[in-house]
Amino acid sequence: MKYRIKELRQARGWTQEQLADLAGTNKGYISQLESGKREPSAETLRSLAAAFNVEAAHMIESSGATDAATVRMLTIFERLSPEDQAAIQHMAERLLPKNGD
C-alpha cells in the first residue's frame with residue numbers, strides 16, 4: 001500500500017524533521033515511510049493524520065478497488081471508540097494465520 005506522506009508534507013512546506021516533531025517520531029522513520037521501506041502502524045498513521053489535520057484514510061493513495069475498500073474500512077475504523085478499535089484488532093489478529101500456518 002502506498003501512502004501520501006511525502007506529498008502532504010511537501011504541500012505544507014515542512015521538512016521531514018518538522019513532520020517528525022509534529023507526529024512524535026523521528027526524521028529517519030519519516031524518511032523510511034516516505035521511501036516505502038517501512039509501513040506505518042495504525043497508531044503512527046493516526047499521528048501523521050493528526051499532524052496533517054486529515055483523516056487517516058486520506059493518507060492512503062487510492063489506485064483501484066482494493067485500495068478504495070481499504071480506505072473505506074479505515075474510515076469506518078477511525079470512527080470507532082478506542083475500545084472498539086482494540087477489540088476489532090484483537091479479533092483480526094486471532095483470525096489471521098500464525099507464521100508458518
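**Group meeting: empty space, a helix pair and one loop residue**

About 30 Å³ of space lies in the largest cavity. I start there. Keep in mind that this is a predicted model.

How many cavities of 30 Å³ or more does the structure hold? The count is 1. Which residues line the largest cavity? From α4 and onward in the chain, they are Ala42, Leu45, Arg46, Ala56, Leu74, Phe77 and Glu78. Two elements, α4 and α5, give two or more residues to that lining. By class, the lining has 5 nonpolar and 2 charged residues, and no polar ones.

Why look for such spaces with a probe? Rolling a probe the size of a water molecule over the atoms shows where empty space is left.

Next, the largest pocket. Its volume is about 450 Å³. The lining of this pocket has 17 residues. Closest to the pocket centre are Ala42, Met73, Leu74, Phe77 and Ile88. Ala42, Leu74 and Phe77 also appear in the lining of the largest cavity.

Which helices supply at least two residues each to the pocket lining? They are α4, α5 and α6, with α6 running over 82-95. The most comes from α5, which gives 5 residues. By class, the pocket lining divides into 14 nonpolar, 2 polar and 1 charged.

Now a helix pair. Helix α2 covers residues 16-23, and helix α3 covers residues 27-35. At what angle do they pack? The angle is about 105°, and the axes are 8 Å apart. Angles of 65 to 115 degrees count as roughly perpendicular, so α2 is roughly perpendicular to α3.

Who makes the contact? On the α2 side, the residues are Gln16, Glu17, Leu19 and Ala20. On the α3 side, they are Lys27, Ile30, Ser31 and Glu34. Sorted by class, this contact has 3 nonpolar, 2 polar and 3 charged residues.

Last stop: asparagine 53. This residue is found in the loop between α4 (42-52) and α5 (65-78). Its phi is near 60°. That is a positive value in a residue other than glycine. Is asparagine 53 buried or exposed? The relative accessible area of asparagine 53 is 70%. Exposed means over 50%, so asparagine 53 is exposed.

To recap. The largest pocket draws on α4, α5 and α6. The largest cavity takes two or more lining residues from α4 and from α5. Asparagine 53 sits in the loop between α4 and α5. Helices α2 and α3 pack at about 105°.

How values were computed: Residues numbered from 1 in each chain as written. Predicted model: local features only at pLDDT ≥ 70, side-chain atom pairs only at ≥ 80, totals over all residues. Heavy atoms only, no water. Helix = DSSP H or I, 4+ residues; strand = E, 2+ residues; numbered from the N terminus. Buried < 20%, exposed > 50% of the residue type's maximum accessible area, 1.4 Å probe, protein only. Axes fitted to C-alpha atoms, helices over the stretch in contact; angles between N-to-C directions. Parallel < 35°, antiparallel > 145°, perpendicular 65-115°, else oblique. Contact = heavy atoms within 4.5 Å. Nonpolar A, V, L, I, M, F, W, Y, C, P; charged D, E, K, R; others polar. 1 Å grid on protein atoms, 1.4 Å probe; cavity = no way out; pocket = protein on both sides within 12 Å on 5 of 7 lines; lining within 4 Å. Points joined across faces, edges and corners; volume = space filled by probe spheres on them.
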